[in-house]
Structure formats: structure tokens, C-alpha cells
Amino acid sequence: MNLTKATSVMRFVLLVLVIGALLAFSIFGFYISDDKQLKGIFEEDTVRLGLDLAGGSSITYQAQPKGNKAVTASGMDGMLEVMRRRLDNAGFTEALVYLYGDDKLVVELPSVDDPTATAANLMQTAELEFRIHGQDKAALTGDDVASASWGYDPDQSKTGEVLYVVNLKLTGEGAKKFAEATKYCAANNLTLDIYVDGVAISTPTVKSEITGGDAVISGSFTADEAKSLASNIDAGKLAYTLKQISMESVSASLGSNALRISLIAGAIGLLLVVLFMSIYYRIPGVWASLALVCYMAIFFLVLAIGQFNLTLTGIAGIVLSIGMAVDANVVIFERMKEELVTGKSVRSAIKSGYKRALWAILDANITTIIACVVLYFFGTGTIRGFATTLGIGVVISLFTALVVTRALLYLGVGMGIGSTKAYKAGFGGKQDA
């Protein structure tokens, strides 16, 4: 249904005002009350900058066992896994954590308000629990596990495929608890879930009661997965405590001007994209540029609300997603060009162009989103940061390309900007009179 020119103008103005309001809120924030307010994207503490952009604190811990058990390499690997997971769960996806020497662990945190309190939270000993699925109470704890190791399945498949497993050795009391828990799980077709620090790291099924104090966790494990699971269990059962032995400030690894230079470069790149789209695609390019402003406004709001950590790799994800947003518009406009060449009206060309470009755009963006999900769940640190910003950007770019740009194109036609020349000139080819 075609809109009148006056209605189209009113809706266009309303849409521009909404985009302007979103941009203003994202930059300057808004205030409702002391409990309900949002800081602007460029205000202090809105977005936490990573070590490479803002520096932070370097904290060194020393593992100290209780009793006569010595600190082992496998135990320290497990503590490293636990610390990495704690940092990710606390929102410090851009923090660095690594082992130093035989019994020390170093955490490098981006700037935080209270690094001492954060350091104290990270020092808590990992807590291992075995829970019957659906029950909050632990059937076993780390004290019931004597050791955990990874290795090969002694009963290899006939195909010769190498299978990896995790071997558990339980204490005397732990063997009794394990037998009772596995008996109940087998009888009720339940899994015996393994938790470290309240997070499920494995949910193995139980086929029958397991007695004797030895157990094998099998599945489609790779060598790395089996090693990681064994290390996590070992870290949870070890009576390690972490003693903080030093804390010092570290400067931005990329220099104090890195963020400013990155923002300037991003702004220049965005301006060049806007100029290219506006000059080459004319009216559609102008609408795409306005939709790109909407994209940036929504992205800034998401970053401000989520208070994400941001490093140079995260900025790279944002810039790359801008390219994805422009790419979707280019595909649509090229399809419109083909429709205009056949003699269709601008309104018909818009409708057909979107219909023909839809699946190509969805295919390209969905595969990128899948890659981001994989990187997020299997990556750590800066890899997660890159996956987060790229994934968010791709989702927002889909919305602006398929909804905002489309609305602007139709409103432009409704306002009387509907001559074929205004839409076709930028696409190349013969000019209309």
C-alpha cells in the first residue's frame, strides 16, 4: 500500500528523530533516577578498557598445598583453567593469566576500581562437586577424589579409533559415596554432573553402579578435552590455597595514545565508507549511511549497557562488523540495479532487490555468527572479546540493513524521490534523461 507524500515525510522525520535520540543516548547517556541511569559510551567506567589500551594490575599468586601433598604440574594446569574460567565469568574476558615457575600463577587485570578486592575473590580455592542431576546437594566433593588423570580408553573400538578418557581414583569414603550416587543415577536414568566453582564442566551418563574406588569418564573426547577435564577435576580436589605475593601496576602495552589513534582511524574509515556509498550509490547510498549511523548508535548502547571489556581486538571486531553492514547494502543495491535495468519502477526494484538478496545476506551473516559462537565458547581472553563484538555487530547490521535501510528506501519513494535517475545514476550504466 502506497503512502501519501505527507505521511511519508512525517514517518521519515520520526525515523530520523529516533535515530538521533538513540545516538544522543549512546553518547551522552540518560538519567531517570539515581538507580536508573545510563552513562554515555565515552564516559569513564562505562566500557572497561583492556590491558593493551589502559594498562592495569599484575597480580602474582603462589600455590600452597594443605597437608603433605606437593604442588604438581597437572594441579597447576588445573588451577590455570579454573582461574581463566573465573575471570571469564566475572566479565574479565580480556584479562591475561599464565603460569610462572613451578608454583606461581600470574593474573594481569585491566583497570578495575578495587584490584585488591578482585584479587581476594580470585584467590578462593576451586570447589569441586559431583551432583546428581536435578539435585543441588553435592553427592561428592573434591575431598572425596584422590586423583584424576587422562589417558586412552583400554577398550579401543574395532575401527582402531583412538578414544580418550578421564580416570578417577577415589578415597575410601569417596568410593562409598560414589557407589551410592551411581547406583541411584543408573536406576533413575540420571547423569552425575561435575561442577567446579558452581559451573557444570561435564555431565557424564551412568550405566550402572560403580564400586571399588576407580571410575572412568568416557565420551567423544579429544586429547585436549580429556586433559582439560582431568586438570579441572584435579584442581578442584587439590587442597591448594593461593597466596598473593605481589601486586603491581602495568602500563598500556600499546601505549597511552593507542585508543585515541584507534578511534581516529575508525572514524576516518567510517567517513570514507559514508562518502563512497553516498557518491557511488546516490540516494540509496545516503539512506545506507543514515542506517549506518543507526547501527553505530545501537552498538554504542549495547556496549554501554553491557559494560563490556574492550581491547584493540574488540575494536577490530566492531570495524569488521561495519564492513559486514555495508556489504549487505551493496548486495541489495546491486540487485536493485539489475531490476532497474529491466525497466521496473524504483518501488518494484526495491521490493525485488530485497527479495533476491535476502538469502545471500542471511547465508553470509549466519555463517559469521556461527563462527563467533564457536570462538566465544572455545576461545579465551581476547579471542572471546573479538567474537563478542563481531557477533553483536553482525546481528545489529542485519537489523539495520534489512529493516532500517529498507524503510528509508520506501519512505524516500513516498516523499517523491522516486525517479529512476536518482536511484540508477550511482549504479553506473546509461543515464536516464
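Helix H9, a DSSP run (H or I, at least four residues, numbered from the N terminus), covers residues 346-378 of this predicted model; its 33 residues reach 46 Å from the first C-alpha to the last, close to the 48 Å expected at 1.5 Å a residue, where the expected span is 1.5 Å times one less than the number of residues. At alanine 357 H9 bends by about 40°, the bend being the angle between axes fitted to the seven residues ending there and the seven starting there. Ala357 is also one of the buried residues of H9, among them Gly353, Tyr354 and Ile361, with buried meaning under 20% relative accessible area (1.4 Å probe, protein chains only).

The 30 residues of helix H8 (residues 312-341) should span 44 Å, and because its end C-alpha atoms are 44 Å apart, the two values agree. Just after H8, glycine 343 takes a positive phi of about 100°.

H8 also contributes to a cavity, a set of points on a 1 Å grid over the protein atoms alone where a 1.4 Å probe fits but cannot get out, lined by residues with an atom within 4 Å of a point. The structure holds two cavities of 30 Å³ or more, and the largest has a volume of about 60 Å³, the space filled by probe spheres set on the points. H7 (258-306) and H8 each supply at least two residues of its lining, and the largest share, six residues, comes from H7.

Residues are numbered from 1 along each chain as its sequence is written. In this predicted model local features need pLDDT of at least 70, and side-chain atom pairs count only at pLDDT 80 or more, whereas totals for chains, interfaces and linings use all residues; side-chain values use heavy atoms, with hydrogens and water left out.

Note on methods
On a 1 Å grid over the protein atoms alone, a cavity is a set of points where a 1.4 Å probe fits but cannot get out, and a pocket is an open set with protein on both sides within 12 Å along at least five of seven lines; lining residues have an atom within 4 Å of a point. Buried means under 20% relative accessible area, exposed over 50%, partly exposed in between (1.4 Å probe, protein chains only).
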